[in-house]
Structures are given as structure tokens and as C-alpha cells.
Amino acid sequence: MRSYELMMETGIPNVVICNRCNKRYSVAKYAAIIRCTECKAIIPGPASMELGNQIRHALSKTKSNLHQYSFGNGGNSGEAHGMKRALLCGVTYQNKKYSLKGTVNDVRRMKNLLMQRFGYRRDCIRILTEDQVDSDFMPTKKNIQDSLKWLVEGSESGDSLVFYFSGHGLRQPDFNDDEKDGFDETICPVDFMQEGMILDNEINSTIVRPLKKGITLHAIVDACHSGTVLDLEYIYDPHNDIWNDNKPPSKADKSTSGGLAICLSACGDDQMASDTSAFTGKEMTGAMTFILIHIVENVPEITYGGLLNQMHACIEQVNNKRCLSVPCLRKLFGRRKIENPMLSSSQEFPVYSKKFLL
């Protein structure tokens, strides 16, 4: 779960100010997040701000090396020949013990990236978040299922599709012999406690299997246990620069209908996504999403391999510094590090020559 709990530890007080009502609070230096007693807004604490500073510092150190992973030096590298369509889901699970704080910001940042960097039109982006006025755009199980069908409906060769999910992910036993590790991966809609989760098998059959030749789908999933949440047939091993076979033991067909599906996940199937957040000024946002967007925005035409390398380098620097030299962050987050993102695909491709285009 990617969330902060209120943590007040003894230590030297720090002053934080609510961005909404300007109420001032004296808090300990170990505080991650506090909730304003007046307006109920979430306020980043000193420890959270320090982690955000570490992420930005790590990104600035890797930025000088980014050019070696790019092609060209400008222009809108995302111009496409066909339709562009995106589904962006951010689930906060409001008023629940397992609520998340930065998912709506994640969606907004991803929308801006798609529109400004890759040329997506606003009317071709469907957003499901709990702050929507129209109930049809709440991230319920039914609305997510219907929107996944909308995403691929009528798509043709040359089209580019994006599915982004920021929320909780879980896993459950696999009874169909489809999974090498024996577990199905899931995403959790806002009403998953009542209506159930959405399994990887359903996601695959809805948005992967129908992809015809010439259609490209990217899924970016910032959730726990999300490594193979699309059940794609190949998993990239960055250490050996090879694609590993992930076809199901049952021999079930998980392939596309000739198109290409690529998934970038926050962590492996047996891992938890980071429960820390990066802060950009006064805004909370998920660390994996923040790092990904920062790198893509700063490199004209980065390759998949370059993107993975830079994300891994940044995460390694943050994890090392957090564990070794910042006692308050080690105390708060020492049990869980930021995991490296995972790349999977419906087919093998050369990651160091293929450009990352959404």
C-alpha cells in the first residue's frame, strides 16, 4: 500500500503550514504526514519532504547521463499516425483505513505528460477518480471494466493506447494453472471490498487479446504485485539484457491478435510498491510515477532500456541514501525500499534501440 500514516515521534519540532487554511503546526522531524484539524487537508511532514528532496537530488545526478539513451534533440517525439486514446485510473479509497493520498495527483501528472509530450487530445483521455462529479467516472469495478472495453473498442492499425492505474494491487491463488508463481495479480477498484477485484486474466482478455496488428498498448501500473498484471508473455531481465518466457503453464493463449502490448509496473509480482511519496513543491505524488514522468519529460526520445536504467539508478541512490545516512527516514521506511520497475511485453524487442513512445 502506497500511503503514509500519521507518525509523531519525539525530536526537534518543525513548523509546517496547511496549504488550504494556513494553520500552523509544530511537529517532530520524524513526522511523515499530518492531517489538518481545521480543514482536514493532508500536510506533508518533514520526513516526507526530505524523501522528496532525495528523489529530486538523485534525478539531478542522473540527468547528466540521460543523453546517451536518447535519439535526436527536440520536437514532439510522440506524434502518431493513428488515433491516441488513454484510460487513467486513480483510486484513493476515501475514508478507508487503506486510503491512498497521491493517486489523483498521479493521474493529473500522467494526463499532462500525455497531452504535452505525446500529443493526446483531452477528449480522448478518460479519467476515473473519486473526485469526479459524474458517477460514471468513479473508479468502481463496473466503470473500470466498461472503460477498459472503451479503450480498445474500434482501434485500428497505427493507433496508440494507454492504460494507467494508480491504486492498490493484490494477488490471490491461481486455480487455472495460468501463473508460474501460482498467483493471479489483481487491481483494486474503489468498491473491491463489495464487488471484488479485477484479475489479470480479465485485463488480458479485455485489452491485450483484441489488439490487432499495428496497434500499440502501453500499460503503466503503479500498484503492489503488479509485475505481470497484464499476463504478457515476456518479462525483460535488465541484468542480463534478455527477455524471459512468461507463457502460462496451462498453455492458455495470452497473446495479442497481432498488436503490441507493453507494461511498465512499479514492482514484481511478489513485491510491494513503495509506501513513500515524492513531493513536488506542495503536491504529493507516487515515487515511481514521479521518477518516470521526470525522466521522460527531460529526454527527447529515450529508449526503453535508457528509461529503465535511469529509473533504476535514481531508485538505487534514494534507497542507499535513505538506508545509510538519514536516520529519521530509516526509522520510518526502513522496512520497505522503493522497488525497481518491471518491463513486460507481448513480444520481444530491442530495448536499447526502440524509443519509448506513448
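Of the 42 residues in the largest nonpolar core, which touch the most other members? They are Leu88, Met110, Leu114, Leu307, Leu343 and Leu358. Please keep in mind, as we walk through this structure, that the model is predicted.

## The nonpolar cores

Several elements give two or more residues to the largest core: strand 5 (84-90), helix 2 (103-118), strand 6, strand 7 (160-166), strand 12 (234-237), strand 14 (260-265), helix 6 and helix 7 (304-325). Another core lies apart from it, with 34 residues that include Val91, Leu151, Cys188 and Cys263. As general background, nonpolar side chains in soluble globular proteins tend to be buried together.

Met110 is a good place to zoom in. Setting aside residues up to four places away in sequence, Met110 touches Leu88, Tyr164, Ile220, Thr289, Leu292 and Ile293. Among these partners, Thr289, Leu292 and Ile293 are buried residues of helix 6, which brings us to that helix.

## Helix 6

Helix 6 covers residues 287-298, 12 residues in all. From its first C-alpha to its last it reaches 17 Å, close to the 16 Å expected at 1.5 Å a residue.

Is helix 6 largely enclosed or open to its surroundings? Because 9 of its 12 residues are buried, helix 6 is largely enclosed by the rest of the structure. The buried residues are Ala287, Met288, Thr289, Phe290, Ile291, Leu292, Ile293, Ile295 and Val296.

## Aromatic pairs

Searching the whole structure turns up 8 aromatic pairs. One to look at is formed by Tyr304 and Phe356: the ring centres are 5.3 Å apart and the planes meet at 75 degrees, so the pair is edge-to-face. Tyr304 belongs to helix 7, while Phe356 sits in the segment after strand 17 (342-345), so this pair ties together parts that are 52 residues apart in sequence.

Both Tyr304 and Phe356 are buried. They also belong to a wider group, since ring pairs link Phe118, Tyr236, Trp243, Tyr304, Phe349 and Phe356 into a cluster.

## A three-stranded sheet

Now for an open sheet of 3 strands, in the order 8-9-10, with antiparallel pairing. Its edges are strand 8 (169-173) and strand 10 (198-199), each of which pairs on one side only.

Strand 8 and strand 9 (residues 183-187) run antiparallel and are joined by 5 bridges. To see the register, find Gly169, which stands opposite Ile187 in strand 9.

## Two loop residues

Thr140 is found in the loop between strand 6 (125-129) and helix 3 (141-152). A polar atom of the Thr140 side chain lies 3.2 Å from the backbone nitrogen of Asn143. Beyond its neighbours within four places in sequence, Thr140 is in contact with Pro189, Val190 and Asp191.

Arg209 lies in another loop, between helix 5 (200-208) and strand 11 (216-222). Its relative accessibility is 29%, so Arg209 counts as partly exposed. Leaving out neighbours within four places in sequence, its contacts are Asn204, Asp253, Lys254, Ser255, Thr256 and Ser257. With Asp253 there is a polar contact too: the Arg209 side chain reaches the backbone oxygen of Asp253 at 3.5 Å. These two residues are 44 apart along the chain, and their C-alpha atoms are separated by 8.6 Å.

Conventions: Residues numbered from 1 in each chain as written. Predicted model: local features only at pLDDT ≥ 70, side-chain atom pairs only at ≥ 80, totals over all residues. Heavy atoms only, no water. Helix = DSSP H or I, 4+ residues; strand = E, 2+ residues; numbered from the N terminus. Expected span 1.5 Å × (residues − 1). Buried < 20%, exposed > 50% of the residue type's maximum accessible area, 1.4 Å probe, protein only. Pairing = 2+ DSSP bridges. Polar contact = N/O pair within 3.5 Å; in protein donor to acceptor, adjacent residues only side chain to side chain. Contact = heavy atoms within 4.5 Å. Core = buried A, V, L, I, M, F, W, Y, C linked by side-chain atoms within 4.5 Å. Phe/Tyr/Trp six-rings, centres within 6.5 Å; stacked < 30°, edge-to-face > 60°.
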